[in-house]
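Trainee: I should like to learn how the features of a model such as this one are to be read. May we take them one at a time?

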Amino acid sequence: DDEYLKPSLSNDQRDRLDDQASDSGDEAKEPASKRRKVSRDPAKQLVLDGRSIANKTLQEQADFLTKAMSHHLPTMQSRHQITFEPKQFCKSSSVEGHPSSFLSFLKSSVTSMKRLKKHKKIGSPLVLVVCVSARRAVSLLKEVAPLKVRAAKLFAKHMTMEEQNEVLQRGPFGLAVGTPHRLLQLMGCSDDEAEDQEVSTQDSSPALSLRDTELLIVDNHNSHKGFTVCTLNDTAKHCMTLLRQAVGKRSDVKQNIKIALF
C-alpha cells in the first residue's frame, strides 16, 4: 500500500538520484585526512600566502616571515628561534595606502632622501633590496633611476663577485639591490653556512655588511609561476638566512634595522 503513496519518478530523476548517492558514498569512503591534504599542505599554503603578503597588515607579515623561516631553515630555528614582530617592520609596509610603484614605496619608507643620497659608509648601504631574480633587480633599479642615488648592482650576470667586491670597497652606496645568494656571498657566507649554521663574519672583512644598514626591503614580486623570493626554492633559504642576519642579535649589525615588504 505504501508503494502507491510514493510520487512516481521519471527515469531521468531516478538516474540523477542514483548518481548523487554514488558520489556521496565515494566521498564518505575517502579518508578525511586525504581530502584535506591539499588545503593543509604547509608548503603550498606558504606559497599562496606569499603572493599577496605585501598588502597585508604588519602582524600578518610578521607571522608570514616567521612561518617561512621555520619552513626553510628548520635547523637554525631549532637552535635559535626567531619570531618576527610588527614593530620590526617599516610603517609603509602595510595594507593601508601601500604604494603601487617601487619608487613611491622607497620614498615613503626612507626616513630621509637626503641621507640616502649622501650616505658615506663604505660596504654597508643605507637601504638593501632583496629580489627574486637579476631581471627583477634591473627593473627596480631602472625605476629608481630618477632619484640619482648611487646604487650597487649585486646580482649575477652583471659582474663577477670579485668585481662587485672591488666596487663595494671603492666607494659608498646609499642603495644596493641584489639577489639573496649573491648578497650572502658578498657578506662572506658560503652555501654550507647558509644551510647548516649561523653566518659569522665578525672575524673577517667582507665587502658587504649590514653594519650601517637601516632598511631591508624584501621585494615580493611574483614570478611567472607565482613564487616570490620568500617561497621559491632557489631563493627562499638564502633570503631567510639574510633576514636572520638583519634581525639577529649581532655586534656587527645595527639593532634597529627595519624590514619592509613590497
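Mentor: Let us begin with a single residue: Phe262 is buried, since its relative accessible area is 13% and the cut-off for that class is under 20%. Please keep in mind that this is a predicted model.

Trainee: Which ring does Phe262 pair with, and how are the two planes set?

Mentor: Its partner is Phe102: the ring centres are 5.4 Å apart and the planes stand at 70°, so the pair is edge-to-face. Planes over 60 degrees apart fall in that class. Phe102 belongs to helix α8 (residues 102-109), whereas Phe262 lies in the segment after β5, so that the pair links distant parts of the chain, 160 residues apart. Phe102 is also buried, at 1% relative accessibility.

Trainee: How many aromatic pairs are there in the whole structure, and which residues do ring pairs link into a cluster?

Mentor: The search finds three aromatic pairs. Phe102, Phe105 and Phe262 form a cluster through ring pairs. A ring may also have a charged group over its face, as with Phe173: Arg150 lies there, 4.3 Å from the ring centre.

Trainee: What does the chain look like as a whole, in its secondary structure and its burial?

Mentor: The chain has 14 helices and five strands. Of its 262 residues, 44% count as buried. For contacts between residues at least 6 apart in sequence, 72% join residues at least 24 apart.

Trainee: How should one read the nonpolar core, and which of its members touch the most others?

Mentor: In soluble globular proteins, nonpolar side chains tend to be buried together. Here the largest nonpolar core has 43 residues, and those touching the most other members are Leu65, Phe84, Met240, Leu243 and Ile259. Several elements give two or more residues to this core, including α6 (58-72), β1 (127-130), α14 (233-247) and β5 (258-261). Another core, of 25 residues, lies apart from it, with Cys90, Leu103, Ala134 and Ile217 among its members.

Trainee: Which residues is Leu65 in contact with, leaving aside its neighbours within four places in sequence?

Mentor: With that exclusion, Leu65 is in contact with Phe84, Phe89, Cys230, Met240, Leu243, Ile259 and Leu261.

Trainee: Cys230 appears in that list. Why is the closest cysteine sulfur too far for a bond with Cys230?

Mentor: A disulfide is a covalent bond between the sulfur atoms of two cysteines. The cut-off is within 2.5 Å. The closest cysteine sulfur to that of Cys230 is in Cys239, at 4.2 Å, and is therefore too far for a bond. The count of disulfides comes to zero. Cys230 is buried, with a relative accessible area of 0%, and the value for Cys131, likewise buried, is 0%.

Trainee: Where is Ala137 placed, and which residues beyond its neighbours within four places in sequence is Ala137 in contact with?

Mentor: Ala137 is in helix α10 (residues 134-143) and counts as buried at 0% relative accessibility. Its contacts beyond those neighbours are Cys131, Phe155 and Val177. Ala137 and Leu154 are 17 residues apart in sequence, with their C-alpha atoms 8.7 Å apart in space.

Trainee: Is Asp212, in the loop between α13 (191-196) and β4, buried or exposed?

Mentor: Asp212 is buried, with a relative accessible area of 14%. Its side chain makes a polar contact with the side chain of Arg211, at 3.1 Å.

Technical notes. Residues are numbered from 1 along each chain as its sequence is written. This is a predicted model: local features need pLDDT of at least 70, side-chain atom pairs count only at pLDDT 80 or more; totals for chains, interfaces and linings use all residues. Side-chain values use heavy atoms; hydrogens and water are left out. A nonpolar core is a set of buried Ala, Val, Leu, Ile, Met, Phe, Trp, Tyr and Cys residues joined through side-chain atoms within 4.5 Å. Buried means under 20% relative accessible area, exposed over 50%, partly exposed in between (1.4 Å probe, protein chains only). Helices (H or I, at least four residues) and strands (E, at least two) are DSSP runs, numbered from the N terminus. Contact means heavy atoms within 4.5 Å. Rings of Phe, Tyr and Trp (its six-membered ring) pair if their centres lie within 6.5 Å; planes under 30 degrees apart count as stacked, over 60 as edge-to-face and the rest as tilted. A charge sits over a ring if NZ of Lys or CZ of Arg is within 6 Å of the ring centre and within 35 degrees of the ring normal. A polar contact is a pair of N or O atoms within 3.5 Å; within protein, one must be able to donate a hydrogen and the other to accept it, and residues adjacent in sequence count only if both atoms are side-chain atoms.
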